[in-house]
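Here's a quick look at one model, with a few local spots worth pulling up in your viewer. Have the structure open as you read.

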Amino acid sequence: MEKTFWVYVLLTLLFGGGAAILMGRSFAQNWRNVWLLVIASLGLALGVRFLHFALFEEQLLTTLGYAADAATMIVLALFGFRWKRTQQMTSQYYWLYERTGPLTWRSKS
């Protein structure tokens with residue numbers, strides 16, 4: 001159990017999560033749809049699951065393991081997407097929108 005937690009932190013959160021955030025920012029920068037990002041995140045989760053299998057001899061296709069990896073990839077990719085989209089909307093359309101937080105914007109009054 002101890003080994004599994006640290007493997008999850010290292011591979012899924014650090015490596016896979018970093019890739020997911022960068023992927024989300026890239027999708028937002030290219031003005032792609034969110035649903036394409038979710039599909040790509042599922043593929044990234046398969047890659048992370050393979051690294052668990054190849055490097056740490058964990059089971060390759062487990063429902064719980066893949067679900068945890070996929071959920072983590074989707075959440076972090078959506079975070080990266082929203083972060084970049086907020087930056088885009090408030091800088092490209094500065095006369096229409098103002099930033100209200102790191103992930104939100106609103107119309108100017």
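This is a predicted model, and a good place to begin is T90, which sits in helix α3. Its relative accessibility is 15%, so T90 counts as buried, the cut-off for that being under 20%. A polar atom of the T90 side chain lies 2.8 Å from the backbone oxygen of T86. If you skip the neighbours within four places in sequence, T90 touches Y97, E98, R99 and W105.

How does α3 meet α2? Helix α2 (residues 34-56) and helix α3 (residues 63-92) have axes that come within 8 Å and cross at roughly 135 degrees. The two helices are therefore oblique to each other, and α2 passes α3 in a right-handed crossing. On the α2 side the contact is made by V34, L37, V38, S41, L42, L44, A45, L46, V48, R49 and H52, while α3 brings G65, Y66, D69, A70, M73, I74, A77, L78 and F81. Sorted by class, that contact has 15 nonpolar, three polar and two charged residues.

Now for the loops. W31 and E57 are residues other than glycine with a positive phi. Here they are side by side:

| Residue | Loop | Phi | Relative accessibility |
|---|---|---|---|
| W31 | between α1 (2-29) and α2 | near 60 degrees | 40% |
| E57 | between α2 and α3 | near 55 degrees | 74% |

With its 40%, W31 counts as partly exposed, whereas E57, at 74%, is exposed.

Notes: Residues are numbered from 1 along each chain as its sequence is written. This is a predicted model: local features need pLDDT of at least 70, side-chain atom pairs count only at pLDDT 80 or more; totals for chains, interfaces and linings use all residues. Side-chain values use heavy atoms; hydrogens and water are left out. Axes are lines fitted to C-alpha atoms, for helices over the stretch in contact, and angles run from 0 to 180 degrees between N-to-C directions. Helices (H or I, at least four residues) and strands (E, at least two) are DSSP runs, numbered from the N terminus. Angles under 35 degrees count as roughly parallel, over 145 as roughly antiparallel, 65 to 115 as roughly perpendicular and the rest as oblique. A crossing is left-handed if the near helix is turned anticlockwise from the far one by less than a right angle, and right-handed if clockwise. Contact means heavy atoms within 4.5 Å. Ala, Val, Leu, Ile, Met, Phe, Trp, Tyr, Cys and Pro count as nonpolar, Asp, Glu, Lys and Arg as charged, and the others, Gly among them, as polar. Buried means under 20% relative accessible area, exposed over 50%, partly exposed in between (1.4 Å probe, protein chains only). A polar contact is a pair of N or O atoms within 3.5 Å; within protein, one must be able to donate a hydrogen and the other to accept it, and residues adjacent in sequence count only if both atoms are side-chain atoms.
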